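Please take a moment to look over the sequence and the model that follow, and keep both in view while you read. The paragraphs after them lead you through one region step by step.

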Amino acid sequence: TKWDKICRMYLLLLVVLLVSQAQAVKFPLYKQCDKPWGPNEMGVPGQKEDDTVCNQGCAMSCVSMALAGYNITIDGQTSNPGTLNAWLRANDGYECAGGDCCNLILDAPTRISPRIRSLGEPLVPSLETLVSWVKSGYITIIHVRNQHHFVLVTDFKAPDVFVVNDPGFDQTEYHYSDIHDILLYTIVTP
C-alpha cells in the first residue's frame, strides 16, 4: 500500500542518517617533528622566546589534525602543522605566558572557520563525562606526560583507556589517570 511505501522510505532515511552519524571521523596522524614543518619557528613572531614546531608544537599539531579530520581548510589548503602554524603566526594565534611565547590562543582556530568552536580548557571531568564528550564527537585534546605534552583523543576503550593520535611520541593510548587537563572544541554543522 501507499502507507507501507512511505513507512519504508522513512525507515530507510532513518537508517541512512544513523549510519552516517555513527561513522567516526578519521583524523590524520601528524608528527610535530616531521619535515617540512618540524624546524619551522612557531610562537609570537619577533620574540626571543619563540621555538620550533618540533620542540613545542604538540597542541597546535593536535588542532591541525582535528581541522583536517573535519575537512576544515586553512586559506584553501589542507590543515597540517605547517599550514596551521603559518596561519597562527600571521594572525595573532599565539601568546606569551610565563616567558613562553608558543602558547596557542585557544579560540584562534575559531577565526579559521565558523564550524569550529572553542569550549576552553576545562578541568578533567569524571571518566563518564569525558567518554561521553569523545563519543559525542567533541574534539578532545588531553594534556599528558606531567603536563608537558598534548595528544588528540580519537576513541575510547574500556575500562579507562583513550586511543590517541600522539604528535610527539609513538604511543597510541593513555589512561584516564594520565590526564591533567583538556582542550575542548566542538564542530558546528553548517
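**A helix and its surroundings**

In this predicted model, the elements that cover the buried residues of helix 4 include strand 1 (41-42), helix 2 (53-56), helix 3, strand 3 and strand 4. Helix 4 itself spans residues 81-90, and because seven of its 10 residues are buried, it is largely enclosed by the rest of the structure. If you wish to find these buried residues in the model, look for Pro81, Gly82, Thr83, Leu84, Asn85, Trp87 and Leu88, where buried means a relative accessible area under 20%.

The two ends of this helix also deserve a careful look. At the N-terminal end, helix 4 is capped by Asn80, which places a side-chain oxygen 2.7 Å from the backbone nitrogen of Gly82, and Gly82 is itself one of the buried residues of the helix. Just after helix 4 comes Asp92, whose phi is positive, at about 55 degrees.

Some of the elements that cover helix 4 also take part in the second largest pocket, since at least two lining residues each are supplied by helix 3 (58-69), strand 3 (94-97) and strand 4 (100-104). Strand 4 gives the largest share of this lining, with four residues. The second largest pocket has a volume of about 320 Å³, and of the 15 residues that line it, Ala59, Cys102, Asn103, Leu104 and Phe150 lie nearest its centre. Sorted by class, the lining of this pocket consists of 10 nonpolar, two polar and three charged residues.

Note on methods:
Residues numbered from 1 in each chain as written. Predicted model: local features only at pLDDT ≥ 70, side-chain atom pairs only at ≥ 80, totals over all residues. Heavy atoms only, no water. 1 Å grid on protein atoms, 1.4 Å probe; cavity = no way out; pocket = protein on both sides within 12 Å on 5 of 7 lines; lining within 4 Å. Points joined across faces, edges and corners; volume = space filled by probe spheres on them. Nonpolar A, V, L, I, M, F, W, Y, C, P; charged D, E, K, R; others polar. Buried < 20%, exposed > 50% of the residue type's maximum accessible area, 1.4 Å probe, protein only. Contact = heavy atoms within 4.5 Å. Polar contact = N/O pair within 3.5 Å; in protein donor to acceptor, adjacent residues only side chain to side chain.
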